[in-house]
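User: I'm new to reading protein structures. Could you help me make sense of the sheets in one?
Analyst: Happy to! Let's look at it together.

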Amino acid sequence: MVDIQDMPVSGRDYPRTWQQFLDWFPDDDACVEYLEGIRWPNGYVCPSCGMVDEAYRTSRGRLICRHCRYQCTVTAGTVFDKTRTSLQSWLAAVWYITNQKQGVTALGLQRVLGLGSYQTAWTMLHRLRRAMIRPGRERLSGVVEVDECYVGRSVATRGHAVKRAKKQANQAILRHTIVVIAVEIKVTKGFGRIRLQRVTDTSQTSVLPFVKDSIEPGAIVHTDGSAAYRLLPKNGYRRMKTVMLGNEKPAHHSMPGVHRVAALLKRWLLGTHQGAIRPQQLDYYLDEFTFRFNRRTSRSRGLLFYRLLEQAMATEPVTYDQIAGGSKHNI
Ligand SMILES: [Zn+2]
């Protein structure tokens, strides 16, 4: 349940406008103070001994526990850990990312922040994408549609296309990849929240763990006739099955939620990111898409800024090599 008292307020908890952002964060000290408020809203909590008490402060922004002498900084253990980029740039990046409805590219971020290297922008963006999925978030409930879709380009198999495909094999082109989609269907009309995951195939071994991770038992899960979902009732779900036969209603009538989300996702991957995504990195993009979709009706962009910062402060750091090297599930 959301306690209305705890809802962050525009102009008090987060900047209302870009002008206000500049007023609030003139230097790194101001950013540190702000982040401390987000990380420890009820006072400093020592990460080592867990005591809640005002910490000693050193001149270099270190906090020292009065009880166990453990030294810490506000960014330790968060996505901003051990960064050489200024906190001002990080906060500006969060502001920029959450204010761009369609999402941003590393190049766009590099230009806007005037960053020296593309790699710095790329790493920042990926660290923040990682923070877009709140750990321990609530599962979907009610009526939920589940189905798989393909994203990315299909691999060419003949003649000239083979040559081109080989050439592209060394580039970051997203190939035919399966994404399983879950969408809450509102009783009245429209869609609620979504969950997405890249899977290796459409078998039960791939899709059932996704359903269990993403959907609350007791929910009505609407699927097609695939045998991969046959164990849903055994796992506490009520299955609603629409079997597609030759001349039946097309998918966008029987499963409007997944059909709509799949179309938006494909457009977004191709439009904003030109399809230039490695399959292992797709997970991060799916997280960003989910973050944006689930907050699409949020009236305040500033609130998104606050939420993403909150999640960034609760998310473990990740290095460039970890992101470039493989999927988040292996980190
Ligand atoms: Zn301590």
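**Reading the sheets**

Analyst: Keep in mind that this is a predicted model. Our starting point is a pair of strands: strand 4 (residues 143–151) and strand 7 (residues 220–223) run parallel and are joined by 3 bridges.

User: Which residue in strand 7 is the bridge partner of Val-144?

Analyst: That is Val-221.

User: What holds strands together in general?

Analyst: Strands of a sheet pair through backbone hydrogen bonds, in a parallel or an antiparallel way. Here, strands 4 and 7 belong to an open sheet of 5 strands, with the order 6-5-4-7-8 and mixed pairing.

User: Which strands are at the edge of that sheet?

Analyst: Strand 6 (191–199) and strand 8 (238–241), each pairing on one side only. On average, neighbouring strands of this sheet are turned by 25 degrees against each other, direction ignored.

User: Which helices pack on the sheet?

Analyst: Helix 9 (residues 256–271) does, touching strand 4, strand 5 (177–185) and strand 6. Its direction makes about 35 degrees with that of strand 4. Helix 10 (residues 282–294) also packs there and touches strands 4, 5 and 6; the direction of helix 10 makes about 180 degrees with that of strand 6.

User: How is the sheet with the order 1-2-3 paired?

Analyst: Its 3 strands form an open sheet with antiparallel pairing. Strand 1 (56–57) and strand 3 (71–72) each have a single partner strand, so one side of each has no neighbour in the sheet. Strand 2 (residues 63–64) pairs with strand 3 over 2 bridges, and Ile-64 has Gln-71 in strand 3 as its bridge partner.

How values were computed:
Residues are numbered from 1 along each chain as its sequence is written. This is a predicted model: local features need pLDDT of at least 70, side-chain atom pairs count only at pLDDT 80 or more; totals for chains, interfaces and linings use all residues. Side-chain values use heavy atoms; hydrogens and water are left out. Two strands pair if DSSP finds at least two bridges between them. Helices (H or I, at least four residues) and strands (E, at least two) are DSSP runs, numbered from the N terminus. Axes are lines fitted to C-alpha atoms, for helices over the stretch in contact, and angles run from 0 to 180 degrees between N-to-C directions. Contact means heavy atoms within 4.5 Å.
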